[in-house]
Amino acid sequence: MDGTARPGAGSAISATATAAAIFSLEWEADGVRHRDIRFAPKVRLDLDIFPRGLDAALMGRRAGDKATIDFGPGDLVPPPDSAKVARLPAAKFDSNFIPDRFLVPARGRYFPQGMISDGLPGLFKANNRPCRIVRIDGETLTVDLNSPFAGRAARLETEIVSVTEDSGQGGGRCQDWTEFLTDGPGMQARHLGQPTDFWQPEGFRRAVENDDASFYAKPRMAVHLDSRALAAVTDIYRRQLSSGMQVLDLMSSFRSHLPDDEGLGEVIGLGLNEQEMRRNPQLSGHVVHDLNANPRLPFGTGAFDACVCTVSVEYMRHPVDVFRDVARVLRPDSPFVLTFSHRWFPPKVTGLWTELHPFERTGFVLECLRESGFFADLGSESLRGLPRPADDGYFPQETVSDPVFAVWGRRIS
C-alpha cells in the first residue's frame, strides 16, 4: 500500500464522512496493459462494501491524497469457478433476443445471460449480465458465466477529490465497490489467450449501404462528445504524442482534438468532407479519401510519426486492411491511437459495433491491431462517470459525462 495523508488539506475521511474519488484500475492480460478509470461521487466508509484493505487505506485521507493497493490473482475477484462454465444446445441461444436484430454466437464473444435463459437453470430473460461463448462444437455451445475480471491481478489507485463532513441526517445506500470497479473491465481481454472471433461478414454491414461520399457530402459540424470527454481525449493524445511529430488525423473533420501545447509538426487530415477539414484550425493540409471504398492510404511509406483516429473506427468496414496500411505510412515505433465513445451516426455504424458491449469494443479494436500484424506495445484506457458539464446540450437530462475509451499500439520496428 502506498500514499500518505497531507495535513491541513481540508477535511479528512472519517467513518461517516462522504468522499468523491477517482478509482484507477491497472491490469495486464496477454501482454496488453489496461487502465480503467471511474469517478465515484459518494464513497462512505460506514455504509459501503470495499475490496480488501481499501477502507483502511482511505481512512484519514484528504482531497488530493492517493492510496494504492496491489491485488494478487483472485484477491479482487475470485478465480474462475468451473461450476459456472456450462454446455448447452446451440438451439437454446436466442438469436432474436434483441428486437430487429439477429445475433449469431461466436467464439470469445460476450452476450447477455438472458439470451441463454431457456438453456440453463437459474437464469432469467431480464438478466443482462455478460456471459462468454468459449467454445462452439457443432450443435453445442460452452458458455462461461464467471465475471470477466475473475482471478485477475490488478493495481488500484484511489485519488480523493473532495471530502464532505457528515450532515447528521443519516441514511444513504450501500455500494459494493468491487462490483462497481469490475463492471466492464476484463471484457477487453482474450479468452485463454485465444483470438476472439469478430469476423462474421454480416457484422460489417450498415443500416444504409449507399456511397459514403454521398452520405458525407454535406458538412456535418457535429461534436459527438461533451467538453469534459473531449478534454480527456486530448489528454490521451498528449500522453501518446510528442513535439515535432508529423501526425495523420484519420477520418478527420472540423476538429482534431489534438493538444495545442505539444508543438506538433504538420497535421494532415484524411476525411470525407473537404469543407469540414478546411475549417479545422489544427490541420496543415487535408485529403478527401473514402477508406471504405479503398483502404489504401494516399501517402508514401513512412510518411508520419503518429496516427490518431477520433470517434470514427466504428464506421470502418475493413478495419484490419486500414490498420495494415496505417502501419505502412507510419515510421517504426510510431503510435497509432484510437478513441471512441457511445455516440455515432446510426446509418453508417457497423452492425457489429452496435452489438458489442462498450468494453468489448476495446477488445475488438485491440484484435484489429493484432490481426494487422504490425503493432506491438498495445494498451487501452477507459474513463467513466465524471460529472457532465452544466453547459452541455444534454444536461440536465444526462448528468454523467460521455465515456471515453482508447486503444493504442506502436508500429513494429
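Start with helix α6: Pro319, Val320, Val322, Phe323, Asp325, Val326, Ala327, Arg328 and Val329 are its buried residues. That makes the helix, which runs over residues 319-329, mostly covered, with nine of its eleven residues buried. Keep in mind that you're looking at a predicted model. Its average pLDDT is 94, and 96% of the residues score at least 70.

**Helix α6 and what it packs against**

- The buried residues of α6 pack against five-plus neighbours you can pick out in the structure, including the strands β9, β12 (306-310) and β13 (335-340).
- Also on that list are helix α8 (358-372) and the strands β14 (375-384) and β15 (404-411).
- Take Phe323 from this helix: leaving out residues up to four places away in sequence, Phe323 touches Val313, Met316, Phe336, Leu338, Val365, Cys368, Leu369, Ser372 and Phe375.

**Two nonpolar cores**

- The largest nonpolar core has 45 residues, and Leu250, Phe323 and Phe336 are the ones touching the most other members.
- There's also a second, separate core of 30 residues, with Ile13, Ala29, Trp177 and Ala189 among them.
- As a rule of thumb, nonpolar side chains in soluble globular proteins tend to be buried together.

**The largest pocket**

- The largest pocket holds about 820 Å³ of space.
- Its lining takes in 34 residues, and Arg129, Pro130, Ser147, Pro148 and Asp183 lie nearest the centre.
- Three elements give two or more residues to this lining: β5 (110-112), α2 (177-181) and α7 (351-355).
- Sorted by class, the pocket lining has 15 nonpolar, ten polar and nine charged residues.

**Cavities inside**

- The model has four cavities of 30 Å³ or more.
- In the largest cavity there's about 550 Å³ of space.
- Among the 33 residues lining the largest cavity, Met251, Ser252, Ser253, Ser312 and Tyr315 are closest to its centre.
- The strands β9 (247-250) and β10 (267-271) are the elements that each give two or more residues to the lining of the largest cavity.
- That cavity lining divides into 14 nonpolar, eleven polar and eight charged residues.

**Two loop residues to look up**

- Asn280 sits in the loop between α5 (274-278) and β11 (285-288).
- Asn280 counts as buried because its relative accessibility is 4%, under the 20% cut-off.
- Skipping neighbours within four places in sequence, Asn280 is in contact with Asp249, Ser252, Ser253, Phe254, Arg255 and Ser256.
- Leu272 is in the loop between β10 and α5.
- With a relative accessible area of 22%, Leu272 is partly exposed.
- Again skipping neighbours within four places, Leu272 is in contact with Asp212, Ala213, Tyr216, Met277, Val288, His289 and Asp290.
- Leu272 and Lys218 are 54 residues apart in sequence, and their C-alpha atoms are 9.7 Å apart in space.

**Where to be careful**

- Over residues 1-8, pLDDT stays under 50.
- For that stretch, the model has 22 contacts beyond four places in sequence.
- Where pLDDT is low, the predicted coordinates shouldn't be read in detail.

Methods: Residues are numbered from 1 along each chain as its sequence is written. This is a predicted model: local features need pLDDT of at least 70, side-chain atom pairs count only at pLDDT 80 or more; totals for chains, interfaces and linings use all residues. Side-chain values use heavy atoms; hydrogens and water are left out. On a 1 Å grid over the protein atoms alone, a cavity is a set of points where a 1.4 Å probe fits but cannot get out, and a pocket is an open set with protein on both sides within 12 Å along at least five of seven lines; lining residues have an atom within 4 Å of a point. Grid points are joined across faces, edges and corners, and a volume is the space filled by probe spheres set on the points. Helices (H or I, at least four residues) and strands (E, at least two) are DSSP runs, numbered from the N terminus. Ala, Val, Leu, Ile, Met, Phe, Trp, Tyr, Cys and Pro count as nonpolar, Asp, Glu, Lys and Arg as charged, and the others, Gly among them, as polar. pLDDT is the predictor's confidence in each residue, from 0 to 100. Contact means heavy atoms within 4.5 Å. A nonpolar core is a set of buried Ala, Val, Leu, Ile, Met, Phe, Trp, Tyr and Cys residues joined through side-chain atoms within 4.5 Å. Buried means under 20% relative accessible area, exposed over 50%, partly exposed in between (1.4 Å probe, protein chains only).
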